Amino acid sequence: MKEAPLFIHIQGIPEYIVYTWVIMGILFATAFAASRGIKPLPAGIQNFFEMVVDGIMKFMEDIIGHHSRQYLPLIGMLAFFILISNLIGLVPGFMSPTSNINTTAACAIIVFFATHYYGVKAHGISYIKHFFGPIRSLPALPLMILMLILEIIGHVARVLSLSLRLFGNIFGEDLILLILVFLVPILMPLPIMFIAIFTSVVQTFVFVLLTMIYIKLATEEAEEGH
């Protein structure tokens, strides 16, 4: 089965990178306009985005706590980028960057390093104690080493889980939609389109929720002590 031609194509550059640039350009332009007080969008759309950001903030406070505002740039960026990346592939002639494992892995790696950055920022050098378990003494050294190995495996597994879950769902929905468009081009793709929109939103929610949980696990002890 031949894939539908893409509207935007640059010779020698993978399509998922091109569409990642497109989405980044949209987000940067929107952020620039908002920060300069420019109003290129109708008031209704601006109100919608304000409601979305406010909803993200409240959700972060419920998961992470009252100090969650400092994580808004990361969480907000991931939420908007992943959601737009998921949905853009539903437009004929476009592709979802998140249907490529490289894009989802990049997002997961950002979460991985950001989590540990916030952990070190909250706890200082003592953050490393999290990796050795609750019992830390010389007689418990073998157990501490075992806990360190398990923690490293667990943190690496987070990257795999985040990237593979998002990639698998978006790639699968895009593939099914593409097949149905070729087989039954009139009515059948419509209900699948609504399901794909729902799946795109849910996968964005899951990715962002797990990111919040990982940040909370890395910072909660220090924040609770303040």
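These legends accompany close-up views of a predicted model.

**Figure 1. The protein chain is built from helices, with 6 of them and 0 strands.** From the N terminus on, the order of elements is α-α-α-α-α-α. The chain has 226 residues, and 35% of them count as buried. Among contacts with a separation of 6 or more, 70% join residues 24 or more positions apart. The chain exposes about 13,400 Å². Carbon and sulfur atoms supply 74% of that area.

**Figure 2. The largest nonpolar core holds 34 residues.** Ile75 and Phe207 have the most contacts inside this core. Two or more core residues come from each of α1 (15-35), α2 (43-63), α3 (72-88), α4 (101-123), α5 (141-183) and α6 (189-224). Helix α3 gives the most, with 9 residues. In soluble globular proteins, nonpolar side chains tend to be buried together.

**Figure 3. Helix α3 is largely enclosed by the rest of the structure, because 12 of its 17 residues are buried.** The buried residues are Leu72, Leu74, Ile75, Gly76, Leu78, Ala79, Phe80, Phe81, Ile82, Ser85, Asn86 and Ile88. The length of α3 also fits a helix: at 1.5 Å a residue, its 17 residues should span 24 Å. The end C-alpha atoms of α3 are 23 Å apart, which agrees.

**Figure 4. Ile75 is shown with its contact partners from beyond four places in sequence.** These partners are Ile56, Met60, Val208, Thr211, Met212 and Ile215. Ile56 and Met60 fall within the range of α2 (43-63). Val208, Thr211, Met212 and Ile215 fall within that of α6 (189-224). Ile75 itself is one of the buried residues of α3.

**Figure 5. A nonpolar patch of about 850 Å² lies on the surface.** Its residues are Ile135, Leu138, Leu141, Leu143, Ile145, Leu146, Ile149, Leu150 and Ile153. Leu150 lies in helix α5. With a relative accessible area of 48%, Leu150 is partly exposed; the exposed class begins over 50%.

**Figure 6. Leu177 is a buried residue of helix α5.** Its relative accessible area is 7%, and the cut-off for buried is under 20%. The C-alpha atoms of Leu177 and Met193 are separated by 7.1 Å. Along the chain, Leu177 and Met193 are 16 residues apart. Helix α5 thus offers two views: Leu150 is partly exposed, whereas Leu177 is buried.

Key
Residues are numbered from 1 along each chain as its sequence is written. This is a predicted model: local features need pLDDT of at least 70, side-chain atom pairs count only at pLDDT 80 or more; totals for chains, interfaces and linings use all residues. Side-chain values use heavy atoms; hydrogens and water are left out. A nonpolar core is a set of buried Ala, Val, Leu, Ile, Met, Phe, Trp, Tyr and Cys residues joined through side-chain atoms within 4.5 Å. Buried means under 20% relative accessible area, exposed over 50%, partly exposed in between (1.4 Å probe, protein chains only). Helices (H or I, at least four residues) and strands (E, at least two) are DSSP runs, numbered from the N terminus. Contact means heavy atoms within 4.5 Å. The expected span of a helix is 1.5 Å times one less than its number of residues. Patches are made of residues with over 30% relative accessible area and no salt bridge: like charges are joined within 9 Å, nonpolar side chains (Val, Leu, Ile, Met, Phe, Trp, Tyr) within 5 Å. Accessible areas come from the Shrake-Rupley method with a 1.4 Å probe; for residues, only the protein chains shown count as cover. A salt bridge is a side-chain nitrogen of Lys or Arg within 4 Å of a carboxyl oxygen of Asp or Glu.
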